[in-house]
Amino acid sequence: MHYYGNETIMSLEQVLRLKPGEIRILEWVRTYEFVENQWGVDEPVPHFLEIKCESDGVRIRKNCITDFPDFVCEAEQVFPDVEQALPVFHEWARRILEEQGK
């Protein structure tokens, strides 16, 4: 896990363990642009996720990396609270990991 300004960056595996209270404290979490393979080598991942607490609710995004560091938002949803946003965020992370064979 790394901190960059007010953003916390962590692995897809780590976000699967996030709880609502942790999201409220961290406020903005995004995943790395890579995943560690079975040999401990980082491999690029075509997507990264974001979850961010905002004044109007909790925003989650699935971003596609076009030409690093450039990206486009593929999916975005806003929920009234973390409890409703987190299951969708977790599902997106699981799908990315499945696509990567993890």
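**View 1. The buried side of helix H3.** The buried residues of H3 (buried meaning under 20% relative accessible area with a 1.4 Å probe, protein chains only) are Val 82, Ala 85, Leu 86, Phe 89, His 90, Trp 92, Ala 93, Ile 96 and Leu 97. Seen down the axis of H3, these residues fall within an arc of 165 degrees, taken from the directions from the helix axis to the C-beta atoms, so they line one face of the helix. The model is predicted, with local features requiring pLDDT of at least 70 and side-chain atom pairs pLDDT 80 or more, while totals for chains, interfaces and linings use all residues. Residues are numbered from 1 along each chain as its sequence is written, and side-chain values use heavy atoms, with hydrogens and water left out.

**View 2. Packing partners of H3.** The buried residues of H3 pack against helices H1 (12-15) and H2 (20-26) and against strands S4 (34-36), S6 (47-54), S7 (57-67) and S8 (70-79). The face turned away from the buried side carries Glu 98 and Glu 99, which are exposed (over 50% relative accessible area).

**View 3. His 90 within H3.** His 90 lies in helix H3 and is buried, with a relative accessible area of 12%. Leaving aside neighbours within four places in sequence, His 90 is in contact (heavy atoms within 4.5 Å) with Val 15, Leu 16 and Leu 18.

**View 4. The two ends of H3.** At the start of H3, a side-chain oxygen of Asp 81 reaches to within 3.3 Å of the backbone nitrogen of Glu 83, whereas just after H3, Gly 101 takes a positive phi of about 75 degrees.

Terms used. Helices (H or I, at least four residues) and strands (E, at least two) are DSSP runs, numbered from the N terminus. A polar contact is a pair of N or O atoms within 3.5 Å; within protein, one must be able to donate a hydrogen and the other to accept it, and residues adjacent in sequence count only if both atoms are side-chain atoms.
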